[in-house]
Amino acid sequence: MAVKYRIEYCNKSSDTARLDIDVRGYSGQVYPIEGTGDLFLLEYKRTDDYILSTVADIQIFSDENFNIDLLKTSDETELKALFYVNNVLKWQGYILPDFFQTGIVGNEAVSMTATDRISVLKDVAMDYSLEKISYAQLIASCLEKTGLSMNFNVVADFMLDGVPSTFHIMNCYVDHARITNRNKTLSAYDTLRSVLVMLNAQIVQWAGEWWIVNHYQLRNGGGRVYNYTTSGTFNTSGTFTPTSIPFGLVEAGGRRSIEPVASQTSVFMEFGG
């Protein structure tokens, strides 16, 4: 894939944001595009306690090089959106081909929706195999089916008595026959979710990579983080410390409302009430 469309803009802190739209099989110049006031809005959607998917709403003004007719496709992985801040990848996802909208006005904007394709895994079966596979490789094989090529991080410090301190649960192996056989195969979504349930962890795309973080460690100061390549090979390790961003009143783009206090009075009658 190669970049076909690009827009750069800054916030009040002089951070440079950039949105690239890659097109598979494209080669040629990069066309500048102009965004609306709501150019890129990223939303986190919690499916349950284990899956935190991401969806980006993108709105770009139409012109002769960027319009709904040039963008139309039936391929769910032909158009990819990549969002950078200060040249560091923050998020990527594929643009849904059936979510292009535009108004019939003089200066119309094209509205698009891009996702991390976690939900697509529900319709993708795991590959049949008779071999044993490590949990790291199992996670990698599931995430690979999203079409996004990203490393993944695991924060889940499970230690067992009598084993070296270098032990990590991602090094354990599972028999692939528990997942696939000739008669029935689990979906990649169910397989990934079963591993997350075992780890008591949630998965989310953050800072251009997948993150799998144990709920307890997320709430209680973090722990060791293990980074793996797209194939499930151990890469590096370090320390993970969750951070929170305090905020006060929203200065723009928000809505405030004041509602009167409601009260309710109950009176017990002779026979109850």
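Modeller: Start with one definition: strands here are DSSP runs of at least two E residues, numbered from the N terminus. The model is predicted. With that, Arg 117 can be placed: it lies in the loop between β9 (109-115) and β10 (132-134).

Biologist: How many helices and strands does the protein have?

Modeller: The protein has 4 helices and 16 strands. Of its 273 residues, 42% are buried. The exposed surface comes to about 16,500 Å², and carbon and sulfur atoms supply 50% of that area. Now look along the chain. Among contacts with a separation of 6 or more, 62% join residues 24 or more positions apart.

Biologist: Take a single helix. How many residues of α2 are buried?

Modeller: The general idea is the cut-off: buried means under 20% relative accessible area. In α2, 8 of 10 residues pass, so the helix is mostly covered. Among them are Tyr 135, Leu 138, Ile 139, Cys 142 and Leu 143.

Biologist: Which residues of α3 does α2 meet?

Modeller: First, the general idea. An α-helix has 3.6 residues a turn, so residues three or four places apart point the same way. Now the case. From α2 come Tyr 135, Leu 138, Ile 139, Cys 142 and Leu 143. From α3 come Ala 188, Thr 191, Leu 192, Val 195 and Met 198. This contact holds 9 nonpolar residues, 1 polar and no charged.

Biologist: At what angle do the axes of α2 and α3 cross?

Modeller: At roughly 140 degrees, and the axes come within 9 Å. The cut-off matters: only angles over 145 count as roughly antiparallel. The pair is therefore oblique. The crossing is left-handed.

Biologist: Back to the loops. What is the phi of Arg 117?

Modeller: Most residues other than glycine have a negative phi. Arg 117 has a positive value, near 65 degrees. It is buried, at 10% relative accessible area.

Biologist: And where is Ala 207?

Modeller: In the loop between β13 (201-206) and β14 (209-214). Its phi is also positive, near 55 degrees. Ala 207 counts as partly exposed, at 32% relative accessibility.

Biologist: One more loop residue. Is Gly 25 buried or exposed?

Modeller: The cut-off for exposed is over 50%. Gly 25 has a relative accessible area of 73%, so it is exposed. Gly 25 sits in the loop between β2 (16-23) and β3 (31-32).

Biologist: What separates the C-alpha atoms of Gly 25 and Glu 78?

Modeller: A distance of 8.5 Å, with the two residues 53 apart along the chain.

Notes
Residues numbered from 1 in each chain as written. Predicted model: local features only at pLDDT ≥ 70, side-chain atom pairs only at ≥ 80, totals over all residues. Heavy atoms only, no water. Axes fitted to C-alpha atoms, helices over the stretch in contact; angles between N-to-C directions. Parallel < 35°, antiparallel > 145°, perpendicular 65-115°, else oblique. Left-handed = near helix turned anticlockwise from the far one by under 90°. Contact = heavy atoms within 4.5 Å. Nonpolar A, V, L, I, M, F, W, Y, C, P; charged D, E, K, R; others polar. Buried < 20%, exposed > 50% of the residue type's maximum accessible area, 1.4 Å probe, protein only. Areas by Shrake-Rupley, 256 points an atom, 1.4 Å probe, with all protein chains shown as cover.
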